[in-house]
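Q: Please take a close look at the interior of this protein. I should like a connected account of the nonpolar packing, the aromatic pairs and the charged groups found there.

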Amino acid sequence: FFRVFVLAFAMVTQKSPTKTRGLLQDAEYFAKKKYSNHKDLLSRLQDLFHAFRDLEQPAEGEAMPFSGNLATSLVGEHYLSHPNTDIQLLVSCIVSDVFRVNAPEHPFSPEQLKNIFDAWLRQFELFTKQKEKDKSQVVYLLERTAQVKSFIVLTDPELACDKQTATLF
């Protein structure tokens, strides 16, 4: 009985690989801001967050399981500095997973990297101001950036990230 229950639960809670694949390739939705309202956007970002959270690095020679355009669409000013802090946090978490899945490389330009680090630092600052129940995603972001050592990118002299480095330390 227990085995049947576990299998049934896994089938009900598991996202379809086709849906996940579609989400990971849907750069147009974010690039063209096709959402109808913030609730729609939050829902789509939640789904994307769960899809990225479960991704593993592809084997050597395999293509990335998501569109590079999706990653770069999400790091636009519109999302990283969105008026809704929940949207900012979800995008920050997704981008931290983009770093994790792509490590040691990343698909971002120097300007996008600066914007990403600024957004992450804003999220870390908000950590002390959030209610206890709202901290789980900030903790997730902290864990991911530490796991992948994402902030090492700040030491690249070509990025000129002195402001971000000073804020971090």
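A: The account below begins with the overall fold, proceeds to the nonpolar core and its aromatic pairs, and ends with the salt bridges.

The model is predicted. Its protein chain has ten helices and zero strands. Of the 169 residues of the chain, 40% count as buried. Among contacts between residues at least 6 apart in sequence, 71% join residues at least 24 apart. The chain exposes about 10000 Å², of which carbon and sulfur atoms supply 56%.

In soluble globular proteins, nonpolar side chains tend to be buried together. Here the largest nonpolar core comprises 39 residues, and F30, L45 and F108 have the most contacts inside it. At least two residues of this core are supplied by each of α3 (27-31), α4 (38-53), α5 (68-74), α6 (77-80), α7 (85-102), α8 (110-126) and α9 (136-148). The largest share, ten residues, comes from α7.

F30 offers a convenient point of entry. With a relative accessibility of 1%, F30 counts as buried, because the limit for that class is under 20%. Setting aside its neighbours within four places in sequence, F30 is in contact with L41, R44, L45, L48, L70, S73, L74 and Y79.

A search of the whole structure finds six aromatic pairs. F30 and Y79 form one that is edge-to-face, with 5.9 Å centre to centre and 75° between the planes. F30 lies in helix α3 and Y79 in helix α6, so this pair ties together parts that are 49 residues apart in sequence. Y79 is likewise buried, with a relative accessible area of 1%. F49 and Y140 form another edge-to-face pair, at 5.0 Å centre to centre and 75° between the planes. Because F49 belongs to helix α4 and Y140 to helix α9, that pair ties together parts that are 91 residues apart in sequence. F49 is buried at a relative accessible area of 6%, and Y140 counts as buried at 13%. In addition, F99, F108, F117 and W120 form one aromatic cluster; F108 is also among the residues with the most contacts inside the core.

The charged groups come next. Side chains of opposite charge can pair when their charged atoms come close. The structure holds three salt bridges. In one of them, the side chains of R100 and D97 meet at 2.9 Å, N to O. Both residues lie in helix α7, three residues apart, about one turn of the helix. D97 also forms a salt bridge with R144, the closest N and O atoms being 2.7 Å apart. This pair links distant parts of the chain, with R144 in helix α9 and D97 in helix α7, 47 residues apart. R100 and D97 are buried, as is R144. Salt bridges that share partners thus join D97, R100 and R144 into one network.

The side chains of D54 and R53 meet in a salt bridge of 3.6 Å, N to O. D54 is exposed, with a relative accessible area of 53%, whereas R53 is partly exposed at 33%.

Helix α9 also contains T145, which is buried with a relative accessible area of 6%. A polar atom of the T145 side chain lies 3.1 Å from the backbone oxygen of L142.

Conventions. Residues are numbered from 1 along each chain as its sequence is written. This is a predicted model: local features need pLDDT of at least 70, side-chain atom pairs count only at pLDDT 80 or more; totals for chains, interfaces and linings use all residues. Side-chain values use heavy atoms; hydrogens and water are left out. A nonpolar core is a set of buried Ala, Val, Leu, Ile, Met, Phe, Trp, Tyr and Cys residues joined through side-chain atoms within 4.5 Å. Buried means under 20% relative accessible area, exposed over 50%, partly exposed in between (1.4 Å probe, protein chains only). Helices (H or I, at least four residues) and strands (E, at least two) are DSSP runs, numbered from the N terminus. Contact means heavy atoms within 4.5 Å. A polar contact is a pair of N or O atoms within 3.5 Å; within protein, one must be able to donate a hydrogen and the other to accept it, and residues adjacent in sequence count only if both atoms are side-chain atoms. Rings of Phe, Tyr and Trp (its six-membered ring) pair if their centres lie within 6.5 Å; planes under 30 degrees apart count as stacked, over 60 as edge-to-face and the rest as tilted. Accessible areas come from the Shrake-Rupley method with a 1.4 Å probe; for residues, only the protein chains shown count as cover. A salt bridge is a side-chain nitrogen of Lys or Arg within 4 Å of a carboxyl oxygen of Asp or Glu.
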